[in-house]
Amino acid sequence: MDAVATDLIDIERRDANQEAIRLYQLAHDTAALNEIGSRIKNSQTSQACCQQIANRLHEYIADLQNQQNQPAADGLEIYVALADGNAQPQVTAISQADSPPNKSPLVESVAAAIGECLCRQGNAVWPTETNDRHALRCHRRLSEQHSRPNLMTIPLHDGEGKLQAAVMVACQSELTLRARRFCFSLAESLGSTLALVKRAEQNRLQRFLSMTCESLRTRKAKIAMQLAGVIFLIGLVPLPYRIPADCEVQPATRRFVCSPFDSQLKNCLVEPGDFVAANEIVARLDEREMRMELSEVEAEFHRSSRELDGYVAAHESGLARLAQLETDKLQARHQLLNHRTENLELRSPIDGMVISGDLKKAEGMPLETGQTLFEIAPLQQLIIELLVPEDDIRYLKTGLDVSIRLDAFPFARWCGIIDRIHPAAEIRNDDNVFVATVLLENPNGKLRPGMQGSAKITSVWRPISWNVLHKPAIRCLRWLGW
C-alpha cells in the first residue's frame, strides 16, 4: 500500500510540475504577445507595423527554438503581407530587413503561397496531411525551390473577422509545438492591433507634413530656412526690368535711284560701298534706240507739216484740222524724246553710301520704268531697329533708355533713347514682334546698315523675384490651360 501511495504521490507531483510548466509557458507566451502588440501600437504606418511583427516574431520564435535545442534560428524567416483585397497580396516586410522587400523570385513565391492561404481562409502548414496536399501547391513549390521545408501561414483577423494581414513562418527545421501554438495565437490579437494602426495611419499629405516638420527641426533645415529667408528678402529688392530685344542697324534716311523710262543700261559707275556726292553720276543709259526713234519722229513731223500746208492751201479745213492734230502729237513726242536724251545720266540725289545696286554685270540689260537701280543712304545718322517681343510690349514706351551691343563690336556699347514705336506688329524671323527705333549718331562711319546685335531696354522697376520668375510663371499658366 505504501508503494502505491508513493507512486500516486509521484504522479500527482509530476502532473503538478507539468501544469506549472504549462502555466508558466502560457504566461510567458502571453507576455511576449502583449509586448509585440505594444510595440506595433507605436508604429506610424502599417508598413512599419508589419516590420515590427516580423522582427519581434523572429526573435521570440528563435528564442523558443533555442530553449528546446532546435537549430531553427539560422534558417528562420518571417514574412508579413498586408491584405488589401487583391487576389495576389504583396509582401510588405521580411524579418531582419532594413528596407521593404524588392521583387525577386523568392518574394513572389512567398506572395503566391500567402495568397493561397488567404483563399483557403484558414491556417496553412507544410508539410501537411496527404489529403490536403492538393490545396497547398504554392507552399510545396516554395518549399522545393527555395529550401524552406517547413512553412506555416497564419491569417490575421480583427475582432470583426475582417482580414488585415498574413504572416508566414519559414524555417529549415521543424518548429516546436509551443512555437506553433504561439504562432496560431497571433491571429486575432495582432489583427485587431493592426486594424487600429491602419485606422490611425496618416494619409500621404499628413505623412508629408509630419516628415517636413521633423526635418525642419534639424540643424541643416534651420540653415536652409535662413538661406531661404535671405534669398526671399533679396528677391524683394526692386530693380529695373530690362527688356531683351534683337536689333538691326538701318539708315535713318535713304534714297532710291530708279530707271526713269524703259531703256538699256549703258554704264554702271558705282558699286555698293562707294561714297557718292549729291548730283554725282552713278550710271548712264543707252541713247541709241532713243536717237533712232527721235530721227523717225522728226521725219514724220516734217511730213505732217507739209501735208498741213497743202490742206491749208487747198482750203480743206477738215483734213487740215486732222493734220494739225497729228503734227501736235509728233511735236510732243519729239519733246519727250529730247527730254529723255538729255537725261540719260542717272545722278545721286543725296550725299551718302551706295547700300545696294551692283549692276556691273548688268550693263546692256533692258530696264523698266520705275525699276530700282541703287539705294543710297547717308551714314552720319543711323537708326537701330529693336525687335521687342510681343509679351513685353506693355512695358515699352518712348523715352526709355536702351543699351546696344552689336555682333561686329562685341566689346563696344552704344546708348540711346527710344524715339518711335511702330503701331502694328510685324513678323520677323518667324516671331511676332513690335519694332521700336533708336536714333544714333555715327560721325566716324563705324556702323554700317545691316549690322545685327542685341539690346536691353530699361523699363519699369520691379522686385528681383518678379524679373526672374514672371515669364516662367506665365508659361506654366499657359501650359496649364490658363
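What follows is a walk through the sheet, cores, aromatic pairs and one unusual loop of this structure. The model is a predicted one, so local features are taken only where pLDDT is at least 70 and side-chain atom pairs only at pLDDT 80 or more, while totals for chains, interfaces and linings use all residues. Residues are numbered from 1 along each chain as its sequence is written, and side-chain values use heavy atoms, with hydrogens and water left out.

A good place to start is an open sheet of five strands, ordered S2-S1-S5-S4-S3 and paired antiparallel. Strands (E, at least two residues) and helices (H or I, at least four) are DSSP runs numbered from the N terminus, and two strands count as paired if DSSP finds at least two bridges between them. Strand S2 (90-94) and strand S3 (124-126) are the edges; each has a single partner strand, so one side of each is left without a neighbour in the sheet. On average, neighbouring strands here are turned by 20° against each other, direction ignored. Strand S1 (residues 77-82) is joined to strand S5 (residues 163-171) by six bridges, and tyrosine 79 has methionine 168 in S5 as its bridge partner. Across S3, strand S4 (150-157) and S5 lies helix H5 (residues 177-184), at about 25° to S4. Such angles run from 0 to 180 degrees between N-to-C directions, with axes fitted to C-alpha atoms, for helices over the stretch in contact; contact means heavy atoms within 4.5 Å.

Next come the cores. A nonpolar core is a set of buried Ala, Val, Leu, Ile, Met, Phe, Trp, Tyr and Cys residues joined through side-chain atoms within 4.5 Å, where buried means under 20% relative accessible area, exposed over 50% and partly exposed in between (1.4 Å probe, protein chains only). The largest one has 29 residues, and Leu57, Ile61, Ile78, Val80, Val167 and Val169 touch the most other members. Helix H2 (46-67), S1, S4, S5, H5 and helix H6 (186-200) each supply at least two residues, with the largest share, nine residues, coming from H2. Leaving aside residues up to four places away in sequence, the contacts of valine 80 include Cys50, Ile53, Val91 and Val167. There is also a second, separate core of 27 residues, with Leu386, Ile418, Leu447 and Met451 among them.

As for aromatic rings, the whole structure holds four pairs. Rings of Phe, Tyr and Trp (its six-membered ring) pair if their centres lie within 6.5 Å; planes under 30 degrees apart are stacked, over 60 edge-to-face and the rest tilted. Tyrosine 395 and tryptophan 466 meet edge-to-face, at 5.6 Å centre to centre and 90° between the planes. Tyrosine 395 sits in the loop between strand S15 (381-389) and strand S16 (401-406) and tryptophan 466 in helix H11 (residues 464-479), so this pair ties together parts 71 residues apart in sequence. Tyr241 joins Tyr395 and Trp466 in one aromatic cluster. The charged end of arginine 462 sits over the ring of tryptophan 466, 5.4 Å from its centre; for this, NZ of Lys or CZ of Arg must be within 6 Å of the ring centre and within 35 degrees of the ring normal.

Finally, the loop between strand S18 (426-428) and strand S19 (431-441) holds asparagine 429, whose phi is positive at about 55° although it is not a glycine. Aspartate 430, in that loop too, has a positive phi near 65°. Most residues other than glycine have a negative phi. Asparagine 429 is exposed at 66% relative accessible area, and aspartate 430 is exposed at 74%.
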